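Morning, everyone. Please look at the screen, and we'll go through this chain together.

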Amino acid sequence: MSEPITLNVGGKLYTTSLSTLTSFPDSMLGAMFSGKIPTKKDSQGNCFIDRDGKIFRYILNFLRTSHLDLPEDFQEMGLLRREVDFYQIQPLIEALQEKEIELSKAEKNAMLNITLDQKTQTVHFTVREAPQIYSLSSSNMEVFSAHIFSTSCLFLKLLGSKLYYCFNGNLSSISSYLQDPNHLTLDWVASVEGLPEEEYTKQNLKRLWVVPDNKQINSFQVFVEEVLKIAMSDGFCIDSAHPHTSDFMNNKIIRLIRYK
């Protein structure tokens with residue numbers, strides 16, 4: 001076994017081995033302790049990570065056992081999800097998603113209501129045709145908004161683990177935008193042909209992706225299809241009273257229900 005290493009995670013000390021910390025080389029910890037990313041030291045010479053110290057125990061135990069063990073009354077799934085997203089341990093991300101599905105299925109009856117809105121917006125941008133030669137161009141883009149309410153906060157957390165914003169060249173889980181446990185508002189745009197990538201950042205335009213399928217959502221039809229797949233895997237079904245099944249894909253208000 002390798003020599004023990006003491007970590008200071010947000011002020012809480014943990015002792016483990018180098019082999020444990022690097023058991024997933026592609027993770028943030030794997031990069032830090034293989035020398036790919038420099039580490040910081042506290043005043044005692046311990047490796048310092050400025051993250052939540054209490055939650056780190058579950059991450060460290062997963063590195064040791066490859067099992068995600070949580071107490072039955074665990075109440076900090078949102079915080080755990082953000083920490084897991086930071087450390088980027090892919091098997092742990094998958095284990096957490098499975099745990100959330102399991103917890104969600106344990107809930108009783110639930111309702112899911114989605115209100116959709118779409119508009120067309122004109123964007124203006126410059127195109128570099130040659131060194132020191134620019135031209136002004138414009139294009140229409142589709143702008144989408146979805147207001148989601150569910151009596152199951154666990155389902156919204158599950159949804160947040162599947163949908164990601166693409167902004168400034170990075171993907172970030174929409175779960176970080178979940179301020180209310182029962183409400184979630186999404187705003188995104190479709191990709192525009194010819195619009196330079198940097199313009200999305202300059203104009204604060206977010207696009208929406210489904211992971212791990214790596215599918216971009218460029219229309220409401222694709223959005224509804226993906227949300228339906230996630231919801232039905234969680235036990236939801238279409239409310240037969242609203243809307244009518246034949247009109248489901250054309251409605252701007254969608255309601256699903258789950259009976260236990």
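The domain assignment splits the chain into domain 1 (4–108) and domain 2 (110–258). Those bounds come from an automatic or database domain assignment. A word on the source: this is a predicted model, where local features need pLDDT of at least 70, side-chain atom pairs count only at pLDDT 80 or more, and totals for chains, interfaces and linings use all residues. Residues are numbered from 1 along each chain as its sequence is written, and side-chain values use heavy atoms, with hydrogens and water left out.

How far apart are the C-alpha centres of the two domains? They lie 29 Å apart. Now the contact, meaning heavy atoms within 4.5 Å. Domain 1 puts in 12 residues, and domain 2 puts in 14.

Next, the buried area. That is the accessible area (1.4 Å probe) that two parts lose on being put together, summed over both. Between domain 1 and domain 2 it is about 1200 Å². Carbon and sulfur atoms give 48% of that.

Which parts of domain 1 touch domain 2? Helix H4 (77–87) and helix H5 (90–105) are the elements that give two or more residues to that side. H5 gives the most, with six residues. Helices here are DSSP runs (H or I, at least four residues), strands are too (E, at least two), and both are numbered from the N terminus.

By class, this side of domain 1 has three nonpolar, three polar and six charged residues. Ala, Val, Leu, Ile, Met, Phe, Trp, Tyr, Cys and Pro count as nonpolar; Asp, Glu, Lys and Arg count as charged; the others, Gly among them, count as polar.

How many salt bridges are there between the domains? Zero. A salt bridge needs a side-chain nitrogen of Lys or Arg within 4 Å of a carboxyl oxygen of Asp or Glu.

Stay with H4 and H5. Gln88 sits in the loop between them. Gln88 is not a glycine, yet its phi is positive, about 50 degrees. Most residues other than glycine have a negative phi, and most peptide bonds are trans.

That brings us to a peptide bond. From Val211 to Pro212 the bond is cis, with omega near 10 degrees. Pro212 is in the loop between strand S10 (207–210) and strand S11 (215–216).

That's my tour. Thanks for listening.
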